[in-house]
Amino acid sequence: MNNDEELNRLRQQRQEKYRELKQDPPENYGEKYDISHKAADIRNNFESLAGTETALAGRLMAVRVHGKATFADIQDVSGKIQLYFQYDKLGEEDYEAFQDLDIGDIVGLRGEVFKTNRGEVSINVSSYQLLTKALRPLPEKFHGLKDKDLRYRQRYVDLIVNSEVQDTFKTRSKIIRYFRRVLEEKGFLEVETPMMHPVPGGATARPFITHHNTLDLDLYLRIAPELYLKRLIVGGLEKVFELNRCFRNEGMSYKHNPEFTMMELYQAHTDYEDMMDLTEEIISGAAREVLGSEVIEYEGEEIDLSPPWNRITMKEAVKKYTGFDYQDYSSDSAARKAARDKGLEIDDDATRGQVLNEFFEQRVEDNLIDPTFVLDYPLEVSPLAQKKEDDPGFTYRFEGFIYTREIANAFTELNDPEEQRERFEKQVEDQDDEDQKVDEDFIRALEYGMPPTGGLGIGIDRLIMLLTDSSSIRDVILFPTMRPEGSSE
């Protein structure tokens, strides 16, 4: 009998048991069950709870029958604990009925806390109750849930049978909670901005498009919340942040999901230097808070997140790792030729700044293991950043990299409305995309006056990957985007 046939046989057995229960249901089947403790509470507080009766509920994960005594494991959100069932204590009917339960069933129980001869904290069960019948067997029967595609599709099963997956998402929650607490302590106001925009903006990416029937209006799912958050700075809310979902209708990889989480903040009367300090502080602080150390291990590599991080300009980084010196090329065509001579893929109309950025993305990023701020990006790829006074082809912008991945992106924000309009118009012209439009209302907001402002975005999913030693972004998103089941991946 192959696995599929065995699985179908077990499902049929469980469905027969379920139908019998529905014909003659046990008392309170499917209703709430009052509990006094979680499994971890009992394990961690044995000295004070020994000999007392407790009530808990969870999923049956293992059963070991030894004649008139049975040991079992039950699992709740805090972990597992061992149960002890005695024939003499429960009586024949209840003891035999327990033997008819299946792994995966959800039960409630009461009993005294004790330690076995082997020293394992356990519950001596005095009564139990079936709360929910599991109609499908858990995958341990077939050597665990190993297939990653299946794990992502059936995250509910993944969470049941792989305890480390629950730990990852508990850690995720702690990190986000830490960010909120620290920013609120610093006086930032958490806000919510629209997820459907009339004009796509805040970043250069292909948007998802939806349609509002009543208004007969096409809208774009949020690429980034930047332009709305800066409107709030104009309005006098001098420190704002948003933990937001963003949507980009582009490629997928181990570090890209079309739907992802960003933390974005803006602070009046600051610049990108202040944003570097803040980035170091909150990322190293999150590691210290959640993991107990600013030194982490990722894919076997030890990484020290403690400040100060390395700082290098993009021009310096490209020269260091590729030998291409931006200053040696006075024309766009000469820069393009030098890039192609080194095997880079370059557009025919690429400017010197765009060539420099391509060198960085194609040849430099993979070298950035230790936490590093790469400073001063070309104007052509930074339409929302303030132009450098002493080097007007570049901007006050940085990206923070850890283990080759961009974790943070920040600007000294452009607040000149006329220059912002010129850049938007150039962006629309260069993109040659009907979805690209000038956001006239944002320009109008800038015309009312936005104070000098620093802005910062941190990719929450990529940060969680690092702090949980997860190799794929799908490992840290509960329900990652996937093709429909049965279609070709």
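When I call a residue buried here, I mean that its relative accessible area is under 20%, taken with a 1.4 Å probe over the protein chains only. With that in place, and bearing in mind that what we have is a predicted model, let me begin with helix α11, which spans residues 314-322 and whose buried residues are Met314, Ala317, Val318 and Thr322. Looking down the axis of α11, one finds these buried residues within an arc of 95°, so they line one face of the helix. That fits the general geometry, since an α-helix has 3.6 residues a turn, so residues three or four places apart point the same way. As for what lies over the buried residues of α11, the cover includes β14, α13 (352-364) and β15 (372-375). Just past the end of α11 comes Gly323, with a positive phi of about 85°.

Let me move to the sheet, to which β14 and β15 also belong. In what order do the eight strands of this open sheet run? The order is β6-β10-β11-β18-β17-β16-β15-β14, and the pairing is mixed. The edge positions are taken by β6 (189-190) and β14, each of which has a single partner strand, so one side of each is left without a neighbour in the sheet.

Within that sheet I would like to follow β17, residues 405-412, of which six of the eight residues are buried, so that I can describe the strand as mostly covered. On one hand, β17 pairs with β16 (residues 397-402) in the antiparallel sense over six bridges, and in that pairing Ile402 stands opposite Arg405 of β17. On the other, β17 pairs with β18 (residues 453-459), again in the antiparallel sense, over five bridges, with Asn409 of β17 standing opposite Gly457 of β18.

The connection from β16 to β17 deserves a closer look, as the two strands form a hairpin with two residues between them, and Tyr403 in the turn has a positive phi of about 50°. Thr404, which lies in the loop between β16 and β17, has a phi near 75°, a positive value in a residue other than glycine. Is Thr404 buried or exposed? With a relative accessible area of 11%, Thr404 falls under the 20% limit, and therefore counts as buried.

A further residue of this kind is Asp469, whose phi is near 55° and which is likewise not a glycine; Asp469 sits in the segment after α16 (460-467). Its relative accessible area is 39%, and because partly exposed covers the range between 20% and 50%, that is the class in which Asp469 belongs.

Continuing along the sheet, β18 also pairs with β11 (residues 259-268), in the antiparallel sense and over seven bridges, and there Ala268 stands opposite Thr453 of β18. Helix α16 packs on the sheet, where it touches β10, β11, β16, β17 and β18, and its direction makes about 55° with that of β18. Another helix, α8 (residues 163-185), lies across β6, β10 (239-247), β11 and β18, and runs at about 150° to β10.

Next is helix α10, residues 272-291, whose 20 residues reach 28 Å from the first C-alpha to the last, close to the 28 Å expected at 1.5 Å a residue. At its start, a side-chain oxygen of Asp271 comes to within 3.0 Å of the backbone nitrogen of Glu273. The buried residues of α10 include Tyr272, Met275, Met276, Leu278 and Thr279, and, further along, Ile282, Ile283 and Ala286. The residue that follows α10 is Gly292, whose phi is positive, near 85°.

Last, there is the β12 and β13 hairpin. What do the side chains do along β12, residues 295-298? They alternate, with Ile296 and Tyr298 pointing to one face and buried, whereas Val295 and Glu297 point to the other face and are not buried. β12 and β13 (residues 301-304) run antiparallel and are joined by four bridges, and the bridge partner of Ile296 is Ile303 in β13. Two residues separate the strands of this hairpin, in which Glu299 takes a positive phi near 50°. Beyond it, in the loop between β13 and β14 (310-313), we find Pro308, and the peptide bond from Pro307 to Pro308 is cis, with omega near -5°.

Methods. Residues numbered from 1 in each chain as written. Predicted model: local features only at pLDDT ≥ 70, side-chain atom pairs only at ≥ 80, totals over all residues. Heavy atoms only, no water. Pairing = 2+ DSSP bridges. Expected span 1.5 Å × (residues − 1). Polar contact = N/O pair within 3.5 Å; in protein donor to acceptor, adjacent residues only side chain to side chain. Arc of directions from axis to C-beta. Contact = heavy atoms within 4.5 Å. Axes fitted to C-alpha atoms, helices over the stretch in contact; angles between N-to-C directions.
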